[in-house]
Amino acid sequence: MRAQTNLVALVLALVLLTGATVVGVTFADAALSDADRDPLDRHAATAVADRLVAADAPTTVRANALAADAVGDLNASRVETLAPPAEGAAFRIALDGEPVVERGPAGSGVTVRRSVVVVSRTDPIQRSINVSRGSTVRIPRGVDLATVVVDPGSNSTIRTVRAGGRVVLYDGAGLDTNATVHLSRYEPTTVRIGAETNATGRVTVTYRRPITEARTLTVTVDA
Amino acid sequence: MPRGQLSLSIIEAVVGVVLVLGVAAGFVVGVSGSPSSTPQLDTLARDTATVLGSEPTESGRDSRLAALARSDRAFEQVRTPTRERIERLLPADVVFEVRTPRGTFGYPRSPTAAVGSVTVPTRYGPVTIRVWYG
C-alpha cells in the first residue's frame with residue numbers, strides 16, 4: 001500500500017518537473033530567437049542614416065532635406081567618412097528603392113528607414129532691376145539663396161540692397177559687388193535698391209527655385 | 001510518517017520546478033529583448049515633424065506645422081495638402097494621425113498596434129504626430 005502511494009507521488013513529481021522543463025525551455029528559446037542578434041548592424045545602420053540626414057551634414061541643406069546634387073555625388077568612401085561605423089561593412093543606401101550607393105551584398109543586414117525630402121534646384125532665374133526707374137524684383141516663396149550683382153553706372157552710387165525690408169548689402173561708399181544673400185523661405189521677398197536719385201546702373205538678382213520631393217531613405221548595413 | 005504530511009517526492013519535485021523555472025527566468029531577464037519597432041516609429045514620426053516644421057505653406061508665413069495649430073481656418077486650409085505630404089513622406093506600410101489644438105486628422109488607430117509619436121511645440125500650441133504600421 002505504502003509503495004503504491006509513493007509511486008503516485010513519483011509520477012506526479014515527474015509530470016510536474018517535465019512540465020516545468022518544457023515551459024522553461026520554451027521561454028528560453030523564445031527569448032533567444034527574439035534577441036537582437038545584430039546590435040552592431042543596427043547601430044551602424046542607425047548611425048549612417050542619422051549622419052546622412054543631419055542638419056549639418058554635407059549631404060543636406062537642412063535637417064531631413066537632402067541636396068539632390070550632393071546625394072548624386074555620394075560614394076562608398078564619402079559615406080565612410082561621414083559615418084565611421086560603416087567602415088568595412090557592406091551597405092546599401094536607397095531612396096524610394098532606387099539605389100544611391102551600394103557596396104557589397106547587404107541583403108542580410110539591418111535596415112533603417114527615414115523620411116526625407118530631396119531638394120533639387122531649377123536652372124538659374126535672372127531678374128534685373130532698373131536702377132534709374134527704381135524698380136523692384138519679387139522672389140517667390142521658398143527661395144532661400146539669391147545672388148545679387150550690383151553694377152552701378154558711371155558717377156552713380158548704389159548704397160543698399162534690401163530684401164523684404166531688411167538690409168542685406170550696404171556700403172556707404174557705394175556697392176560694386178557680387179554677393180550671395182540669404183532670404184526667408186516662408187514668404188515672398190521683394191528686393192529693392194537704395195540709391196541716390198538720378199543714379200543709373202544695373203542690378204541683377206539670380207536665384208534657383210528649390211523643388212522638394214518627399215522620399216523614403218533606406219539604409220541597410222551588414223557588418 | 002504521520003498522515004497528511006506531503007510525500008517526499010512531491011517536495012523534491014517542487015524544488016526541481018523552482019530550479020528549472022529559475023534557469024528559464026535567467027534567460028528571459030538576461031537576454032536583451034528584441035529590438036522593438038517603437039524606436040523606428042519614433043524616428044519616422046520625428047522625421048515627419050522635422051520636414052513639416054521646415055516647409056512653408058502655399059500662403060501665409062508659417063511652416064505647415066505651425067499653420068495646423070494657428071487657427072481653425074488655417075487648419076482647414078492646410079489639412080488636405082499636409083495629409084498628402086505625410087502620405088508621400090512615410091513608407092507605404094506606415095500610417096499616421098496628427099493631433100493639433102484645432103482638430104485631428106489621419107487614420108483611425110488600431111488599438112493593439114505599437115505607436116511611435118512625437119510632440120512638437122509650436123507658438124500656437126503642441127502638435128502631435130503618431131505613426132504605426134498599418
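1. In this predicted model, B:Asp93 has a relative accessibility of 34% and therefore counts as partly exposed. Its salt-bridge partner is A:Arg113, with the closest N and O atoms 3.0 Å apart. This pair joins two chains, because A:Arg113 belongs to strand E5 (residues 110-121) of chain A, while B:Asp93 sits in the loop between helix H4 (72-89) and strand E1 (94-100) of chain B. A:Arg113 itself counts as buried, at 19% relative accessibility, a value that falls in this class because the cut-off for burial is under 20%.

2. Within chain B, the side chains of B:Arg64 and B:Glu55 meet in a salt bridge, at 2.8 Å from N to O. B:Arg64 is buried, with a relative accessibility of 9%, and B:Glu55 is likewise classed as buried, at 6%. These two residues are also members of a network of salt bridges that links B:Glu55, B:Glu58, B:Arg64 and B:Arg85.

3. A further salt bridge in chain B is formed by B:Arg123 and B:Asp62, whose closest N and O atoms lie 3.1 Å apart. Because B:Arg123 lies in the loop between strand E3 (116-122) and strand E4 (125-133), and B:Asp62 in the loop between helix H2 (38-53) and helix H3 (64-70), the pair ties together parts of chain B that are 61 residues apart in sequence. As for accessibility, B:Arg123 is exposed, with a relative accessible area of 63%, whereas B:Asp62 is buried, at 4%. Over all chains, the count of salt bridges comes to 19.

4. Chain B contains an open sheet of four strands, arranged in the order E2-E1-E4-E3 with antiparallel pairing. Its edges are formed by strand E2 (103-106) and by E3, each of which pairs on one side only. From one strand to the next, the twist averages 15°. The antiparallel strands E1(B) and E4(B) are joined by six bridges, and in this part of the sheet B:Val94 stands opposite B:Tyr133 of E4(B).

5. Two helices should be considered together with this sheet. H2(B) packs on the sheet and touches E1, E3 and E4 of chain B, its direction making about 30° with that of E3(B). H4(B) also packs on the sheet, where it touches E1 and E2 of chain B, and its direction makes about 30° with that of E2(B). The loop between H4 and E1 of chain B is the one that holds B:Asp93, the residue that pairs with A:Arg113 across the two chains.

6. The largest pocket encloses about 450 Å³ of space. Its lining consists of 21 residues, and those nearest its centre are A:Gly142, A:Pro210, A:Thr212, B:Glu55 and B:Pro56. The elements that give two or more residues to this lining are strand E1 (60-62), E5 and strand E14 (210-222) of chain A, together with H4 of chain B. H4(B) provides the largest share of the lining, namely four residues.

7. Some elements and residues recur in these points and may be inspected together. B:Glu55, which lies among the residues nearest the centre of the largest pocket, is the buried partner of B:Arg64 in the salt bridge described above. Strand E5 of chain A, which contributes to the lining of that pocket, is also the strand in which A:Arg113 lies.

Technical notes
Residues numbered from 1 in each chain as written. Chains lettered and ligands numbered in written order. Predicted model: local features only at pLDDT ≥ 70, side-chain atom pairs only at ≥ 80, totals over all residues. Heavy atoms only, no water. Salt bridge = Lys/Arg side-chain N within 4 Å of Asp/Glu carboxyl O. Buried < 20%, exposed > 50% of the residue type's maximum accessible area, 1.4 Å probe, protein only. Pairing = 2+ DSSP bridges. Axes fitted to C-alpha atoms, helices over the stretch in contact; angles between N-to-C directions. Contact = heavy atoms within 4.5 Å. 1 Å grid on protein atoms, 1.4 Å probe; cavity = no way out; pocket = protein on both sides within 12 Å on 5 of 7 lines; lining within 4 Å. Points joined across faces, edges and corners; volume = space filled by probe spheres on them.
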